[in-house]
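Let's walk through this structure together, one piece at a time. Keep the sequence beside you as you read, and look up each residue when its name appears.

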Amino acid sequence: MKKLEILATPFEDKSLCRFTLAVNLVEEGSFAIRKGVRSDSKLVNKIFEIEGVIEVTSESNYLIVRKDTELSRREVGANV
């Protein structure tokens, strides 16, 4: 399995964290999926297994994760 390079960037909104990946996840457009909505993406489904994650948004090589927990962004981000 290839190692994936990721750079995490916090937002002013403490419920959000953006991850910049070394590869594109979406070639055109974007998507936003809330927890509980079926997804064909293995990556998105794995991210929703992380405690507190309620939404995943992606555009190009950006992945934005929204959490609804008191866990810090560092704790959630480390699991992403």
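Lys46 counts as exposed because its relative accessibility is 52%, where exposed means over 50% relative accessible area, buried means under 20%, and partly exposed is anything in between (1.4 Å probe, protein chains only). Its partner Glu49 is exposed too, with a relative accessible area of 58%. The side chains of Glu49 and Lys46 meet in a salt bridge (3.3 Å, N to O). That term stands for a side-chain nitrogen of Lys or Arg within 4 Å of a carboxyl oxygen of Asp or Glu.

Before going on, a quick word on what you're looking at: this is a predicted model, in which local features need pLDDT of at least 70 and side-chain atom pairs count only at pLDDT 80 or more, while totals for chains, interfaces and linings use all residues. Residues are numbered from 1 along each chain as its sequence is written, and side-chain values use heavy atoms, with hydrogens and water left out.

How many salt bridges does the structure hold? There are five. One of them joins the side chains of Arg38 and Asp40 (2.7 Å, N to O), and both of these residues are exposed. Another is formed by Arg66 and Glu55, whose closest N and O atoms are 3.5 Å apart. This pair links distant parts of the chain, since Arg66 sits in strand 5 and Glu55 in strand 4, 11 residues apart. (Strands are DSSP runs of E, at least two residues long, and helices are runs of H or I with at least four; both are numbered from the N terminus.)

Is Glu55 buried or exposed? Glu55 counts as buried, because its relative accessibility is 16%. Arg66, at 25%, counts as partly exposed. Now zoom out a little: Asp13, Arg34, Glu55 and Arg66 are linked in a network of salt bridges. Glu55 and Arg34 also share a polar contact of 3.4 Å between their side chains. A polar contact is a pair of N or O atoms within 3.5 Å; within protein, one must be able to donate a hydrogen and the other to accept it, and residues adjacent in sequence count only if both atoms are side-chain atoms. If you skip residues up to four places away in sequence, Glu55 touches Ile33, Arg34, Phe48, Ile64, Val65 and Arg66, where contact means heavy atoms within 4.5 Å.

Next, the strand that holds Glu55. Five of the seven residues of strand 4 (residues 53-59) are buried, so this strand is largely enclosed by the rest of the structure. Strand 3 (residues 30-34) runs antiparallel to strand 4, and five bridges join them; for two strands to pair, DSSP must find at least two bridges between them. Look for Ile33, which stands opposite Val56 in strand 4. Strand 4 also pairs with strand 5 (residues 62-67), again in the antiparallel sense, over six bridges. Here the bridge partner of Glu55 is Arg66. The hairpin of strand 4 and strand 5 has two residues between the strands, and Ser60 takes a positive phi near 55° there.

Finally, find Ser15 in the loop between strand 1 (6-10) and strand 2 (16-21). Ser15 counts as buried because its relative accessibility is 16%. Its side chain makes a polar contact with the side chain of Asp13 (2.7 Å), and Asp13 belongs to the salt-bridge network with Arg34, Glu55 and Arg66. Leaving aside neighbours within four places in sequence, Ser15 is in contact with Val65, Arg66 and Lys67.
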